[in-house]
Amino acid sequence: MSDPAGRLVGRIALVTGAASGIGAGIAVAFAAEGADLVVVDVCDPADAAKVMDAITALGRDSIFIQTDVSDEESVKAMTERALAYFGRVDVLVNNAGIFTESLLENLSVADWDRVLGVNLRGTFLCSRYLIGQMLERGSGRIINIASQLGQIGGTYVPHYCASKAGIIGLTKAMAREVATRGVLVNAIAPGPIQTPLLDSETEEWRSAKLAELPIGRFGEVSEVTPTAIMLASDDGSYYVGQTLGPNGGDVML
Ligand SMILES: NC(=O)c1ccc[n+]([C@@H]2O[C@H](COP(=O)([O-])OP(=O)(O)OC[C@H]3O[C@@H](n4cnc5c(N)ncnc54)[C@H](O)[C@@H]3O)[C@@H](O)[C@H]2O)c1
């Protein structure tokens, strides 16, 4: 039975890209379920104040660590600080991500490297440096935020789709490696969700996407967070290597 005080009481969760959008929603939803939080983002500390204040208002502890998840030294330093502060990280949410649009024929190598660097390399680096302490304790959860575009593809976004398909493959590989050692790894592949990331898409893309979405509207962050809570909590104890899809029907498997 769930703890009435919350499904994540006593857990330490680390969410990357937690200052905005889906990451901020997950961090605050986890705090509401009783978790303490490591808020990781590349942004200035001032831009994380809103999410930090929301966690404090829920009576939970949190630390902000400015980090570029695509940079190994930055991730190493972040890991050391998080573990020095809380002693452990029980749940890692690899959420930090960026999105740009370009046809393949115009896509610069720099743009390809930047998107793959944050989305896929960042997921690898944070997992690489935080999984050891989970394996030592024989317990932990890793939740990777992919995208439905990593499952079905999309025009103007070959680099983004490749990064998100890579995350799904990495999730399955990691899950197979560590499930018997107490660490469960899964992915969430949301459909289009109302966040600043979606604002950066062209009007043309937005109206074409709306027209093809079975549910006929974009999603809200609060429609993704319940899946993250489930995967992070005891409710998710039999999920291994799965990609769950709060996506408005954009992908039907
Ligand atoms: N919004 C959507 O429609 C949608 C759909 C599917 C998947 N996603 C994925 O969800 C995740 C969150 O997206 P969002 O919509 O909340 O976007 P967002 O732009 O609102 O938030 C992304 C956060 O990541 C941070 N970030 C960017 N680069 C970083 C880096 N190098 N290191 C650390 N932090 C970094 C940003 O500062 C920002 O706070 C992303 O991985 C995105 O690809 C979003």
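**A parallel sheet, its helices and the ligand shell**

In strand E7, Thr243 is the bridge partner of Ala187. The model in which this pairing appears is a predicted one, and the pairing belongs to the junction between strand E6 (residues 183-188) and E7, two strands that run parallel and are joined by two bridges.

From this junction the view can be widened to the whole sheet, which is open and built of seven strands in the order E3-E2-E1-E4-E5-E6-E7, with parallel pairing. Strand E3 (62-66) and strand E7 (243-244) stand at the edges with a single partner strand each, so one side of each has no neighbour in the sheet.

Helices lie across these strands. Helix H2 (residues 49-57) lies across strand E2 (36-41) and E3, running at about 165 degrees to E3, while helix H9 (residues 225-232) lies across strand E1 (12-16), strand E4 (91-94), strand E5 (140-145), E6 and E7, running at about 155 degrees to E5.

Another contact is made between two helices, H3 (residues 72-86) and H4 (residues 109-137), whose axes come within 9 Å and cross at roughly 30 degrees. Because of that angle, H3 counts as roughly parallel to H4, and H3 passes H4 in a right-handed crossing. Glu72, Val75, Lys76, Thr79 and Leu83 in H3 meet Leu125, Cys126, Tyr129, Leu130 and Gln133 in H4, a contact that comprises six nonpolar, two polar and two charged residues.

The ligand, finally, is surrounded by 29 residues, of which the closest are Gly17, Gly21, Gly97, Thr195 and Leu197. Helix H1 (21-32) and helix H7 (196-199) are the elements that give two or more residues to this shell, and its residues divide by class into 16 nonpolar, eleven polar and two charged.

Notes: Residues are numbered from 1 along each chain as its sequence is written. This is a predicted model: local features need pLDDT of at least 70, side-chain atom pairs count only at pLDDT 80 or more; totals for chains, interfaces and linings use all residues. Axes are lines fitted to C-alpha atoms, for helices over the stretch in contact, and angles run from 0 to 180 degrees between N-to-C directions. Helices (H or I, at least four residues) and strands (E, at least two) are DSSP runs, numbered from the N terminus. Angles under 35 degrees count as roughly parallel, over 145 as roughly antiparallel, 65 to 115 as roughly perpendicular and the rest as oblique. A crossing is left-handed if the near helix is turned anticlockwise from the far one by less than a right angle, and right-handed if clockwise. Two residues are in contact if their C-beta atoms, placed from the backbone, lie within 7 Å. Ala, Val, Leu, Ile, Met, Phe, Trp, Tyr, Cys and Pro count as nonpolar, Asp, Glu, Lys and Arg as charged, and the others, Gly among them, as polar. A residue is near a molecule or strand if its C-beta atom, placed from the backbone, lies within 6 Å of it. Two strands pair if DSSP finds at least two bridges between them.
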